[in-house]
Amino acid sequence: MSTETRPLAERFMQTLQQFEADGKVDPLVALFADDADAANLTHKEQGRDGVRKFWEDYRGAFREVRSAFKAVIAGDGGAALEWESEGALPTGAPIRYRGVSLLEFAGDKVKRFRTYYDSAAFVAPAVA
């Protein structure tokens, strides 16, 4: 029996946006399986404690951040999310960047999360 992935992706997006706004990580971590893993361009974390650290590190990279989801492709066992985020770094410098996140589900939980984004947005321009 296949789990419908579109509602799971929608729940993930809404929960992530709420986490970005209020910093409360527990509802986001609750979406992940006990043995889930989460990774981005710089690191990978495993298990519930690792997933918690992954999201706390993500939120800690910004003074504020808001993600807007532009497209969702939901299929058998997973979803791809295209998004654009904007906000401010801890220094107050504004940031805007785009990316894609991939979700793999096991039942109604996220089993695997990967995100790929424009890392150049985080590099300060060289001063000539």
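What follows is a working chat about a predicted model, moving from its strands to its charged side chains and a surface patch.

Biologist: Let's start with strand 4, is it mostly covered or mostly open?

Modeller: Strand 4, which spans residues 78-88, is mostly covered in this predicted model, with eight of its eleven residues buried.

Biologist: Which strands pair with strand 4, and in what sense?

Modeller: Strand 3, residues 64-75, pairs with strand 4 in the antiparallel sense over eleven bridges, and strand 5, residues 94-106, also runs antiparallel to strand 4 and is joined to it by eleven bridges.

Biologist: I'd like a residue to anchor each pairing. What is the bridge partner of S67, and what is that of E82?

Modeller: S67 has S85 in strand 4 as its bridge partner, while E82 is matched with V100 in strand 5.

Biologist: And the turns, how many residues sit between the strands in each hairpin?

Modeller: The hairpin of strand 3 and strand 4 has two residues between the strands, and G77 in that turn has a positive phi of about 85°. In the hairpin of strand 4 and strand 5 there are five residues between the strands, and here G92 takes a positive phi near 95°.

Biologist: Switching to charges, E20 caught my eye. Where is E20, and what is the nearest side chain of opposite charge?

Modeller: E20 belongs to helix 1, residues 5-22. E20 is buried yet has no salt bridge, and the nearest side chain of opposite charge is that of R59, 7.1 Å away.

Biologist: Why does that not count as a salt bridge?

Modeller: The cut-off is within 4 Å between a side-chain nitrogen of Lys or Arg and a carboxyl oxygen of Asp or Glu, and R59 is 7.1 Å from E20.

Biologist: What does E20 touch, then, leaving out residues up to four places away in sequence?

Modeller: With those set aside, E20 touches Y58, R59, V65, R66 and S67. S67 is the residue whose bridge partner in strand 4 is S85.

Biologist: OK, how many salt bridges does the count come to?

Modeller: The count comes to nine salt bridges. One of them joins R52 and D26, with the closest N and O atoms 2.6 Å apart. That pair links distant parts of the chain, since R52 is in helix 3 (residues 47-60) and D26 is in helix 2 (residues 26-29), 26 residues apart.

Biologist: Are R52 and D26 buried or exposed?

Modeller: Each falls in between: R52 counts as partly exposed at 28% relative accessibility, and D26 is partly exposed with a relative accessible area of 47%.

Biologist: What about K53, which residue does K53 form a salt bridge with?

Modeller: K53 forms a salt bridge with D57, where the closest N and O atoms are 2.6 Å apart. Because K53 and D57 are four residues apart in helix 3, about one helical turn separates them. K53 is partly exposed, with a relative accessible area of 39%, and D57 is also partly exposed, at 32% relative accessibility.

Biologist: And R112, what does R112 pair with?

Modeller: R112 forms a salt bridge with E104, the closest N and O atoms lying 2.9 Å apart. R112 counts as partly exposed at 30% relative accessibility, and E104 is partly exposed at 37%.

Biologist: Let me turn to strand 1. Are D34 and A39 buried or exposed?

Modeller: D34, which is in strand 1 (residues 32-39), is exposed, with a relative accessible area of 60%. A39 is found in strand 1 as well, but A39 counts as buried because its relative accessibility is 7%.

Biologist: What are their contacts, leaving aside neighbours within four places in sequence?

Modeller: On that basis D34 is in contact with G47 and R48, whereas A39 is in contact with K44, F54, F113, R114 and T115.

Biologist: How far is A39 from E20, C-alpha to C-alpha?

Modeller: Their C-alpha atoms are separated by 18 Å, with their positions 19 residues apart along the chain. For D34 and D118, 84 residues apart along the chain, the C-alpha separation is 29 Å.

Biologist: Last topic, which residues form the nonpolar patch on the surface?

Modeller: The patch is formed by L41, V100, L102 and Y116, which together have about 330 Å² of accessible area. V100 is the bridge partner of E82, and Y116, in strand 6 (residues 109-117), is partly exposed, with a relative accessible area of 42%.

Terms used:
Residues are numbered from 1 along each chain as its sequence is written. This is a predicted model: local features need pLDDT of at least 70, side-chain atom pairs count only at pLDDT 80 or more; totals for chains, interfaces and linings use all residues. Side-chain values use heavy atoms; hydrogens and water are left out. Buried means under 20% relative accessible area, exposed over 50%, partly exposed in between (1.4 Å probe, protein chains only). Two strands pair if DSSP finds at least two bridges between them. Patches are made of residues with over 30% relative accessible area and no salt bridge: like charges are joined within 9 Å, nonpolar side chains (Val, Leu, Ile, Met, Phe, Trp, Tyr) within 5 Å. Accessible areas come from the Shrake-Rupley method with a 1.4 Å probe; for residues, only the protein chains shown count as cover. Lys and Arg count as positive and Asp and Glu as negative; His and the chain ends are not counted. Contact means heavy atoms within 4.5 Å.
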